[in-house]
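Open the model in a viewer and keep the sequence panel visible. The stops below can be selected one after another.

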Amino acid sequence: MTAIQSGKGTIGFTTTVPVELIFAAGYEPCDLNNIFVNDPDPQRFIDRAEYDGFPKGMCSWIKGIYGVIMEHEMAGVITVMEGDCSNTQALAEILRYRGMRTIPFSFPYDRDGKVLSREIEKLKKELGADRASIIEVERQIDITRSKLSEIDTMTWSERNVTGGENHLWLVRSSDMLGNIMEYSEAAGNFIADARKRERMQGIALGYIGVPPIMTGLYEFIESVGGHVVYNETQRQFSIPCAAPDMVERYLLYTYPYGIFTRLDDINREIERRGIKGIIHYVQAFCFRAIEDVILRDTIPVPILTIEGDLPKALDARTKMRIEAFIEMLEGRQD
Ligand code: SF4
């Protein structure tokens, strides 16, 4: 077994990247989105960005990420320039201007394997990850991802995992909270505990779109008779297609490659998981809201589109809309 060096500091990133390389190079990976939204006072990161001149009418995730970086010491930030967010280029520029080491990485929109392979090579060199360490990290991460896949499957087949738990396990897999083996062990313990539970009831729902910025969404859905059995993007963050080759693995990851690639995955999972309705989350001021037009035309089950803006509790109007949506779906079952 190869000893992976560690202790070189934290590498933040703006969305899921080949995290294997960060671990293998001896850094601690940190998904900036998760730090932002799980903070007890996430609004302060947004306030910091606006104080520094970020516009009011801009996505809160971008401002939150910026605020997190300004407050934390980091050895660098991987900025995903293609395949995530149209605002990242400007974010990368301001970070460089503030003296932060930024490392650009791109997922080619046309899913070209050669281009992705070049990007992965560049990242590997920039971080200084050697081959033996990468192989060892891949071995460990593979074990962890299979446990995450088991948690995901339990959510819809055994129905003993809540939508909120599914969300958290999968969304945090982008950096595995900085430690692969600890995350793996915690996932194993969770599986053993969840298997002792009763089967959950509730209309099977899917959640698609970027992860929610607000709190209390999953809990509310369950309180009014729904059960989210599919979290599209969060599941993708856990790299559910276990290909041995890294390039192939990140080509099968759908999130960066546009709506049509995502649609294939969404429709397959609706069928497989017996999903009766979809909740499409859109973030205020996000260009991805336009994709709702295509989703409404192509998804075979009813869709409810909800919007979030700030990291605060689910609002009363959205609660009423979710409740009415679930009642409508229940009516269709009769
Ligand atoms: S929600 Fe949309 S605008 Fe905001 S960071 Fe994500 S992709 Fe960018």
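Start at Leu 205. Beyond its neighbours within four places in sequence, Leu 205 is in contact with Ile 221, Gly 226, His 227, Val 228, Val 229, Ile 275, Lys 276, Gly 277 and Ile 279. Keep in mind that this is a predicted model.

Next, widen the selection to the core. Leu 205 is one of the residues with the most contacts inside the largest nonpolar core, a set of 85 residues; Leu 21, Ile 22, Leu 32 and Ile 65 are also among them. Select helix 7, residues 131–157: with seven residues, this helix gives the most to that core. In soluble globular proteins, nonpolar side chains tend to be buried together.

Zoom out to the whole chain. DSSP runs give 15 helices and eight strands. Along the principal axes, the C-alpha atoms fill a box of roughly 60 × 50 × 35 Å. For 334 residues, a compact globule would have a radius of gyration near 20 Å, and the chain agrees because its value is 20 Å. Colour by burial: 44% of the 334 residues in the chain are buried. Turning to contacts between residues at least 6 apart in sequence, 70% of them join residues at least 24 apart.

Now select helix 5, residues 88–97. Which of its residues are buried? They are Thr 88, Leu 91, Ala 92 and Leu 95. These residues lie on the same side of helix 5, because they cover an arc of only 100° around the axis. Rotate to the face turned away from that buried side, where the exposed residues Gln 89, Glu 93 and Tyr 97 are carried. Then turn back and show what covers the buried residues of helix 5, which includes helix 4 (60–71), strand 3 (76–82) and strand 4 (102–106). Step just past the end of helix 5 to Gly 99, where phi is positive, at about 95°.

Two further backbone positions have positive phi in a residue other than glycine. Select Met 176, with phi near 50°. Met 176 sits in the loop between helix 8 (163–171) and helix 9 (180–194). Is Met 176 buried or exposed? It has 24 C-beta neighbours inside 10 Å and therefore counts as buried.

Move on to Ile 239, where phi is also near 50°. Ile 239 is in the loop between helix 11 (232–237) and helix 12. Ile 239 counts as buried because 24 C-beta neighbours lie inside 10 Å.

From Ile 239, draw a distance to Leu 252: the two C-alpha atoms are separated by 8.0 Å, and the residues are 13 apart along the chain. Leu 252 belongs to helix 12, residues 246–252. With 17 C-beta neighbours inside 10 Å, Leu 252 counts as partly exposed, because a residue needs 20 or more to be buried and 12 or fewer to be exposed. Aside from neighbours within four places in sequence, Leu 252 is in contact with Cys 241 and Ala 243.

Finish at the ligand. Which residues surround the ligand? Select Cys 59, Trp 61, Ile 62, Cys 85, Asn 87, Val 210, Gln 283, Cys 286 and Arg 288. Colour this shell by residue class: six of its residues are nonpolar, two are polar and one is charged.

Technical notes: Residues are numbered from 1 along each chain as its sequence is written. This is a predicted model: local features need pLDDT of at least 70, side-chain atom pairs count only at pLDDT 80 or more; totals for chains, interfaces and linings use all residues. A residue is near a molecule or strand if its C-beta atom, placed from the backbone, lies within 6 Å of it. Ala, Val, Leu, Ile, Met, Phe, Trp, Tyr, Cys and Pro count as nonpolar, Asp, Glu, Lys and Arg as charged, and the others, Gly among them, as polar. Helices (H or I, at least four residues) and strands (E, at least two) are DSSP runs, numbered from the N terminus. The radius of gyration is taken over C-alpha atoms; the globule rule is 2.2 Å times the number of residues to the power 0.38. Two residues are in contact if their C-beta atoms, placed from the backbone, lie within 7 Å. A nonpolar core is a set of buried Ala, Val, Leu, Ile, Met, Phe, Trp, Tyr and Cys residues joined through C-beta atoms within 7 Å. The arc is that of the directions from the helix axis to the C-beta atoms.
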